[in-house]
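Hello,

Here is the structure I promised to pass on to you. Have a look at it first, and then read on for my notes.

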Amino acid sequence: MKLALYPRYKPSGVEWVREIPEEWASFRLRFVAITSVTKKEVRELDPETKASFIPMEAVGEYGGLDLDTTKPLSEVVDGYTYFRNGDVIVAKITPCFENGKGALANRMFNGIGFGTTELHVLRPSGNLDARFLLYLTFSDHFRRIGTASMFGAGGQKRISDDFIRNFRHPVPSLSEQRAIASFLDRETAKIDGLVARKERLMELLQEKRTALITRAVTRGLDPNVSMKDSGVEWLGEIPAHWDVKPLKSISELQTGLTLGKRYKGEAMTIRPYLRVANVQDGYLALNDIAEVEVPIRDVERFELQSGDVLMTEGGDFDKLGRGHVWNDQLTQCLHQNHIFVVRPRPSALTSHFLALVMSSAYGRAYFTATAKQSTNLASTNSTKLRNLPVPLPGLDGQVEITRWANRETAKIDALIAKVRQAIGYLKEFRTALISAAVTGKIDVREEAS
């Protein structure tokens, strides 16, 4: 896409913008939008008046609201953030802010909504178009400068009210704002369509990967082998020469360290330990490892060993039950109590075969069916894990299946990586296009007509 520049520019007075089109002016947001919205206008309504209820999970990344839930004003007018149709909402907490959570509020029940207190509300003045303001909050500079200004400790940093009020940004005429917003509506929709198609391709590749693993660990590699009923509902038939054994009979289960205990008169040591955040969907995230002080006598009880299979106690449905093999990536590392460690008995079960079983459709079906479930989340326990029926070829067969599965999934993983990279490029282009348009680095007026 080749877009024109404006004919003339002038200094903006804003360091990060530098120059802006000659007809534009720079304003702090508090001069063009209300940044502190009062609830007075809804307190006079009937307490049983319905309003859209929008928790953080209902706020989309870079636009969109889930409006499925409504509640009466009596339940939400106190303790929640209020906004109305035409307001722009922006997540204030990490990582939601960095991930672009925010939206233009519209089509809400009775035109009003309430949501988490972790939202900033911006109500544009008569000289500011709401869609232009929304794109302003999606721009790279708004998110980048905002992230740098966050305050708070640990993982609970927030964007301050002062940052929102005092953020200075170039603003064109109202008609030009609308032209820019219309151009971005059209162009970002095209990009989003491409992203959606590539995300669907990634889903299909993941499904193919799972199906490949599932067939290998439940039916073996020989298509002509004789089969028998496994006696397990989620498993079906398995090769006639295989066994099915509960995990507890072919492995040991190690539970983890409970944090927050106080110790007196104990000889202590400091060790790295794995948290749930370190055990991700398909990989271990080891760039941020915490440390904990524990009694020396407890180290052996909670220490990881090479070949351990790690599994989180709970989380999203699609992550529950997936195993990750620990290969001594860190020395003397412990694990938190929300991470189970399965230690296979070498005479019966290999770690990598068990990890494949856990990541197969069969493994996920077992853990999903036996899990304790709530909205979008599921959790298991040590009893359910110990009772997992494991389809079991001999050790040589396990090694052969693992080698074959690793070779075949590597091909799919390479394709997935390329698609994921393409999605990343498209999202970067989307953000760059928004940033250039709302700061006047490109002239889109003719493109918008």
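Please keep in mind that this is a predicted model. Let me begin with a pair of strands: E8 (residues 88-91) and E11 run antiparallel to each other and are joined by four bridges. Within that pairing, Val-88 has Leu-122 of E11 as its bridge partner, and Val-90 is matched with His-120 of E11.

E8 has a further partner in strand E9 (residues 102-104), with three bridges and again an antiparallel course. Here Val-88 turns up once more, as the bridge partner of Leu-104 in E9. As for the side chains of E8, Val-88 and Val-90 point one way while Ile-89 and Ala-91 point the other way, and all of them are buried.

E11 also pairs with strand E4 (residues 33-34), in the antiparallel sense and over two bridges. In that pair, Ile-34 sits opposite Arg-123 of E11.

How many of the six residues of strand E11 (residues 119-124) are buried? Six of the six are, so the strand is largely enclosed by the rest of the structure. Both of its faces are covered: Leu-119, Val-121 and Arg-123 are buried on one side, and His-120, Leu-122 and Pro-124 on the other.

Now for the overall picture. The protein chain has 449 residues, of which 46% count as buried. Its secondary structure comes to 12 helices and 26 strands, and the C-alpha trace spans about 80 × 60 × 45 Å along its principal axes. Among contacts with a separation of 6 or more, 76% are between residues 24 or more positions apart.

On to the nonpolar cores. The largest one holds 80 residues, and the members that touch the most others are Phe-142, Ile-180, Leu-184, Leu-247, Met-358 and Leu-385. There is also a second, separate core of 14 residues, with Ala-58, Ile-89, Met-108 and Val-121 among them. You have met two of these names already: Ile-89 in E8 and Val-121 in E11.

Leu-184 is a good residue to click on. Setting aside residues up to four places away in sequence, Leu-184 touches Tyr-135, Ala-189, Leu-433, Ile-434, Ala-437 and Val-438.

Next, two helices. The axes of H3 (residues 130-138) and H4 (residues 140-148) come within 4 Å and cross at roughly 50 degrees. That angle makes H3 oblique to H4. The contact brings Leu-136, Thr-137 and Phe-138 of H3 together with Asp-140, Phe-142 and Arg-143 of H4. By type, the residues of this contact are three nonpolar, one polar and two charged.

Elsewhere in the chain, three strands make an open sheet with mixed pairing, in the order E18-E17-E22. Strand E18 (290-295) and strand E22 (334-335) are at the edges with a single partner strand each, so one side of each has no neighbour in the sheet. E17 (residues 268-274) and E18 run antiparallel and are joined by six bridges, with Tyr-273 opposite Ala-290 of E18.

Which residues is Phe-302 in contact with, leaving aside its neighbours within four places in sequence? They are Gln-254, Thr-255, Gly-256, Leu-257, Cys-333, Leu-334 and His-335. Phe-302 itself lies in helix H7 (residues 299-302) and counts as buried, at 5% relative accessibility. The C-alpha atoms of Phe-302 and Tyr-273 are 9.2 Å apart, although 29 residues separate the two along the chain.

Finally, a few backbone details to look up. Most residues other than glycine have a negative phi, and most peptide bonds are trans. Against that background, three places are listed here:

- The peptide bond from Thr-94 to Pro-95 is cis, with omega near 0 degrees; Pro-95 is in the loop between E8 and E9.
- Arg-107 is not a glycine, yet has a positive phi of about 55 degrees. Arg-107 sits in the loop between E9 and strand E10 (112-115) and is exposed, with a relative accessible area of 69%.
- Gln-332, also not a glycine, has a positive phi of about 55 degrees. Gln-332 is in the loop between strand E21 (324-325) and E22 and is partly exposed, at 46% relative accessible area.

Enjoy exploring, and do write back with any questions.

Best wishes

Note on methods. Residues are numbered from 1 along each chain as its sequence is written. This is a predicted model: local features need pLDDT of at least 70, side-chain atom pairs count only at pLDDT 80 or more; totals for chains, interfaces and linings use all residues. Side-chain values use heavy atoms; hydrogens and water are left out. Axes are lines fitted to C-alpha atoms, for helices over the stretch in contact, and angles run from 0 to 180 degrees between N-to-C directions. Angles under 35 degrees count as roughly parallel, over 145 as roughly antiparallel, 65 to 115 as roughly perpendicular and the rest as oblique. Contact means heavy atoms within 4.5 Å. Ala, Val, Leu, Ile, Met, Phe, Trp, Tyr, Cys and Pro count as nonpolar, Asp, Glu, Lys and Arg as charged, and the others, Gly among them, as polar. A nonpolar core is a set of buried Ala, Val, Leu, Ile, Met, Phe, Trp, Tyr and Cys residues joined through side-chain atoms within 4.5 Å. Buried means under 20% relative accessible area, exposed over 50%, partly exposed in between (1.4 Å probe, protein chains only). Two strands pair if DSSP finds at least two bridges between them.
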